[in-house]
Amino acid sequence: MTAARRAGRPEISLRDYQQGAVQALFRARRDGGRAQAHMACGTGKTRVGCALASMLADKMRARAFLVLVPSLALVRQAWAEWRALLPG
């Protein structure tokens, strides 16, 4: 059983390139660095962010996340997807 399942969160299905992005971003954060995800439109940046947040919460006990977007429309879109992917 994965940490997400134990915590009552659903697994987030990712494509191979998205999983690679999550792993690279996690390693950067785990090693004390910072990271940004630069991905083309429609490639799943929000899913990657949700999966990363779940991993950081499980493995590093992170409790707060900062997500920057350039418009209010994207705030609404991101918020809706985060709530769907990470209920509770």
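**Exercise 1.** How many aromatic pairs does the structure hold?

Solution. Rings of Phe, Tyr and Trp (its six-membered ring) pair if their centres lie within 6.5 Å. By this criterion the structure holds zero aromatic pairs.

The model is predicted: local features need pLDDT of at least 70, side-chain atom pairs count only at pLDDT 80 or more, and totals for chains, interfaces and linings use all residues. Residues are numbered from 1 along each chain as its sequence is written, and side-chain values use heavy atoms, with hydrogens and water left out.

**Exercise 2.** Find which helix gives the most to the largest nonpolar core.

Solution. A nonpolar core is a set of buried Ala, Val, Leu, Ile, Met, Phe, Trp, Tyr and Cys residues joined through side-chain atoms within 4.5 Å. Buried means under 20% relative accessible area, exposed over 50%, partly exposed in between (1.4 Å probe, protein chains only). The largest such core has 16 residues, and Ile12, Cys50, Trp82 and Leu86 have the most contacts inside it. Helices (H or I, at least four residues) are DSSP runs, numbered from the N terminus. At least two core residues come from each of α2 (16-30), α3 (45-60) and α4 (72-85). The most come from α3, with seven residues.

**Exercise 3.** Decide whether Cys41 and Cys50 are buried or exposed, and count the disulfides.

Solution. Cys41 counts as exposed because its relative accessibility is 77%. Cys50 has a relative accessible area of 0%, so Cys50 is buried. A disulfide is a pair of cysteine sulfur atoms within 2.5 Å; the whole structure has zero disulfides.

Methods
Rings of Phe, Tyr and Trp (its six-membered ring) pair if their centres lie within 6.5 Å; planes under 30 degrees apart count as stacked, over 60 as edge-to-face and the rest as tilted.
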